[in-house]
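Welcome! Let us read a structure together, one feature at a time, with a learner asking and a teacher replying.

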Amino acid sequence: MLDRDGYRPNVAIVVANSKDRVFWGKRIREHSWQFPQGGIKYGETPEQAMYRELEEEIGLRAEHVKIVGRTRDWLRYEVPDHFIKREIRGHYRGQKQIWFLLRMCARDNDVNLRLTDHPEFDAWRWHDYWVPLDVVIEFKRDVYQRALQELSRFLTWPANGHERRHHGSRYLRQPHPPRPNPEAPGSTCGAEAPAETAAADEPQKKIG
């Protein structure tokens with residue numbers, strides 16, 4: 001399903017644990033890592049698509065997480081022609097995404113990468129929030145940076161504003177000052193906080 005401009009509606013999901021480390025999944029049979037993501041089906045809202053993709057890709061359900069925040073509107077990236085199937089070139093331009101930040105309330109062993117017959121990941125780990133840009137495919141880097149910067153205001157950071165940096169890697173930078181964390185490490189999630197509203201809340205409509 002494409003919009004009039006040739007972008008496929010999509011959601012991306014950042015799942016954080018109580019220490020503000022995030023779920024980082026290794027794509028099956030590949031040496032690349034990414035956040036869970038997937039397309040929005042006809043008739044779904046971004047939030048409905050997010051919960052469906054969350055369960056399909058990493059086996060977590062709505063009761064396992066709490067929505068902490070989301071991007072206010074669509075973030076778009078274009079896909080280079082050589083990554084696009086020949087039959088849809090000229091129609092498909094790329095993805096437009098709503099990013100969600102979730103707090104995980106479940107245990108690590110509740111994650112299940114094999115829930116479906118077509119798994120997306122074959123391994124996962126907790127990673128520092130500010131992921132190294134070098135591991136993100138080049139045409140997605142700008143969206144990753146913009147999304148993580150926007151969502152970072154919902155998390156808390158050390159007083160000195162720094163996390164570990166590995167020599168030779170480029171990292172996304174922290175743009176916001178520290179803020180109190182309402183979820184103490186090890187605590188269970190409370191009632192779901194209302195997500196910020198955005199123009200992208202409407203279910204996806206078929207174009208044409």
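Q: Is Trp 126 buried or exposed?

A: Welcome aboard! Keep in mind that this is a predicted model. A residue counts as buried when its relative accessible area is under 20%. Trp 126 has a relative accessible area of 16%, so Trp 126 is buried.

Q: And how does Trp 124 count?

A: Between 20% and 50%, a residue is called partly exposed. Trp 124 has 25% relative accessibility, so Trp 124 falls in that group.

Q: What describes a pair of aromatic rings?

A: Two values do the job: how far apart the centres are, and the angle between the planes. Planes over 60 degrees apart make a pair edge-to-face.

Q: How many aromatic pairs are there by this rule?

A: The count is ten aromatic pairs. In one of them, the ring centres of Trp 124 and Trp 126 are 5.2 Å apart and the planes stand at 85°, so this pair is edge-to-face.

Q: Why is the pair of Tyr 129 and Trp 130 edge-to-face?

A: Look at the angle: the planes of Tyr 129 and Trp 130 are at 85°, so the pair is edge-to-face, with ring centres 4.8 Å apart. Tyr 129 is buried, at a relative accessible area of 0%, and Trp 130 is buried too, at 1%.

Q: Which residues form an aromatic cluster with Trp 124 and Trp 126?

A: Phe 23 and Phe 121 join those two tryptophans in one aromatic cluster.

Q: Which residue lies over the face of Tyr 7?

A: That is Arg 76, at 5.7 Å from the ring centre of Tyr 7. Lys 96 likewise lies over the face of Trp 74, at 4.7 Å from the ring centre.

Q: Now for the overall layout. How many helices and strands does the protein have?

A: You will find two helices and eight strands. Read from the N terminus, their order is β-β-β-β-α-β-β-β-β-α. Of the 208 residues, 47% count as buried.

Q: How much space lies in the largest pocket?

A: The largest pocket holds about 910 Å³ of space. Its lining has 36 residues, and the closest to the pocket centre are Arg 8, Arg 27, Gln 37, Gln 95 and Lys 140. Elements giving two or more residues to this lining are strand E1 (7-16), strand E3 (33-34), strand E4 (37-39) and helix H1 (46-58).

Q: Which element gives the largest share of that lining?

A: H1 does, with four residues.

Terms used:
Residues are numbered from 1 along each chain as its sequence is written. This is a predicted model: local features need pLDDT of at least 70, side-chain atom pairs count only at pLDDT 80 or more; totals for chains, interfaces and linings use all residues. Side-chain values use heavy atoms; hydrogens and water are left out. Rings of Phe, Tyr and Trp (its six-membered ring) pair if their centres lie within 6.5 Å; planes under 30 degrees apart count as stacked, over 60 as edge-to-face and the rest as tilted. Buried means under 20% relative accessible area, exposed over 50%, partly exposed in between (1.4 Å probe, protein chains only). A charge sits over a ring if NZ of Lys or CZ of Arg is within 6 Å of the ring centre and within 35 degrees of the ring normal. On a 1 Å grid over the protein atoms alone, a cavity is a set of points where a 1.4 Å probe fits but cannot get out, and a pocket is an open set with protein on both sides within 12 Å along at least five of seven lines; lining residues have an atom within 4 Å of a point. Grid points are joined across faces, edges and corners, and a volume is the space filled by probe spheres set on the points.
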